[in-house]
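Dear colleague,

I am handing over the structure below, and after it you will find my notes on its side-chain contacts. Please read them with the coordinates open.

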Amino acid sequence: MAGETEFPQGARADGLPAALSDPARLAAVRGTGLLDTGPEPVFEDLATLAARITGAGRAFVTLVDEERSYWKSCVGVDVTGGRENPVRESFCYFLVGFGGDPFTVEDAAHDPRTRDHPGIGPMRIGAWAGYPLLGPEGEVLGSFCVVDESPRAWTEADRATLATLSRSASAEIHLRQSLAASQHAHRLSADLAHTLQRGLLPPALRPVPGLDAAAAYVPASASAHHDVTVGGDFYDLFHAVGPYYGAFLGDVCGKGVEAAQVTSMARYTLRADAGEVLSPARLLTRLNTAMLTQEAPLFLTAVHATFRRTRAGAAGRVCLAGHPRPLIRRADGRVREMGRPGTLLGVMEDVDLADTRFRLGPGDLLLLYSDGAYEARPAPGAPPDAAREPFGEADLHATLAATHGLDAAATVDRITGALAGHHGGWASDDTALLALRVPERD
């Protein structure tokens, strides 16, 4: 069944991993409350995105107990015969047996680890790629996987997509469990909100050849009236197609699980469409249509730039959807706004969006930001002599101008430091920053 595969915790009498029967793991699986429950939009959306982005055709969000693999979500599968299969016919047990390490197979019928596996025929498995769903203590609850009927190579982009989506699915499970635990609701929801927020942001910015990039996310501070929760600000930087890259920053109007759902849908919809469409205005129009079609619960402001490296530096187009105008800091410190204001997303079918072209030369920097970067306000209850005027647009422009000569990371650090210093480290709103800079020539 598992061939000659050796699992760290050994095997059961039936040859499957002993870890499948670990009592702590089984308790964590039952604790999710998801076994034998029906499909839900949040998991269906994540699985649909996985199938679409990888082109695999089928995708699963699976919980694995001692004897079966239960499909909480399954895309591209006929479920008239049920939403599960015996664990011995599922590749998911490899993830459990290897303690949560990702497991990928490019040619299941010939890979020595899987060629004798009984699920290849019934499940029509040509290639399989899975990442773990993890419990709060690291227990392997199941898998987030895609299946292709034909053998294929899994690209780094496929692996990155599955890793991010599996983290988002795990974070959703964690958040639900925390909300159900009333005794420690505040502490657990805060911890898991931060976990979910981190799962919705890139763990590290993708390097763009010939440019340096940096980003920061600063959540709003908790107060006596507002708990720590998932914020609505997010950013992304990714390869689109050919020499083109995409930079995106958005602000969902709202917080919590609904904001996280809109964030996840926006980020992966843009990534999925960026390989087909280079115009930021057309991409944001597609996102608006997707939000209305899927009845997104909250609206969104966004700025999206598509750009490429040139001999002189970089060139691209930017589009605004109800979002603050990005700033360009020239090498000599001059700062100017760019872009034409446009309609926010998720409210109206007809949106007014337009692309604006830009160029960056050596030492120039493009800054995308959310409104928290120029609406920093004093903490509630601050003494009158400690209260100051909000950190406004003029302050942001002046701070950015003073960073000329600094790279992207130092520029972002300088801005976040200025915001923190303005009101003693108390953030009145979430703040996201994304900077792209053309290095100066030697």
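Asp273 is buried in this predicted model, its relative accessible area being 4%. Its carboxyl group is engaged in a salt bridge with Arg52, where the closest N and O atoms are 2.5 Å apart, and this pair joins distant parts of the chain, since Asp273 belongs to helix H6 (residues 256-274) while Arg52 belongs to helix H2 (residues 41-54), the two being 221 residues apart. Arg52, for its part, is partly exposed at a relative accessible area of 46%. Asp273 also meets the side chain of Arg286 in a salt bridge, at 3.6 Å from N to O; here the link runs from helix H7 (residues 280-293), which holds Arg286, to helix H6, which holds Asp273, and the residues are 13 apart. Arg286 has a relative accessibility of 31% and therefore counts as partly exposed, because the range for that class begins where buried, under 20%, ends.

The structure holds 26 salt bridges, and two further items may be useful to you. Salt bridges with shared partners join Asp36, Asp65, Arg68 and Glu84 into one network. Within helix H4 (residues 156-180), Glu172 and Arg176 lie 4 residues apart, about one turn of the helix, and they form a salt bridge whose closest N and O atoms are 3.0 Å apart. Glu172 counts as buried at 7% relative accessibility, whereas Arg176 is partly exposed, with a relative accessible area of 27%.

Turning to the aromatic side chains, the count comes to 12 aromatic pairs. The rings of Phe94 and Phe98 have their centres 6.5 Å apart and their planes at 20°, so this pair is stacked, given that planes under 30 degrees apart are classed that way. Phe94 is buried, with a relative accessible area of 0%, while Phe98 is partly exposed, with a relative accessible area of 24%. A tilted pair is formed by Phe234 and Phe248, at 5.4 Å centre to centre and 40° between the planes. Because Phe234 lies in strand S8 (residues 233-241) and Phe248 in strand S9 (residues 244-252), this pair ties together parts that are 14 residues apart in sequence. Both partners are buried, Phe234 at 0% relative accessibility and Phe248 with a relative accessible area of 1%. Ring pairs also link Phe7, Phe91, Tyr93, Phe94, Phe98, Phe103 and Trp128 into a cluster, so the stacked pair described above, Phe94 with Phe98, has both of its residues in that cluster.

What, finally, is the count of disulfides? It comes to 0. Cys145 is in no disulfide, and the nearest cysteine sulfur, that of Cys92, is 4.8 Å away; the pair therefore fails the criterion, which asks for sulfur atoms within 2.5 Å. Cys145 is buried, with a relative accessible area of 2%, and Cys319 likewise counts as buried, at 0% relative accessibility.

With best regards

Definitions and conventions: Residues are numbered from 1 along each chain as its sequence is written. This is a predicted model: local features need pLDDT of at least 70, side-chain atom pairs count only at pLDDT 80 or more; totals for chains, interfaces and linings use all residues. Side-chain values use heavy atoms; hydrogens and water are left out. Rings of Phe, Tyr and Trp (its six-membered ring) pair if their centres lie within 6.5 Å; planes under 30 degrees apart count as stacked, over 60 as edge-to-face and the rest as tilted. Buried means under 20% relative accessible area, exposed over 50%, partly exposed in between (1.4 Å probe, protein chains only). A salt bridge is a side-chain nitrogen of Lys or Arg within 4 Å of a carboxyl oxygen of Asp or Glu.
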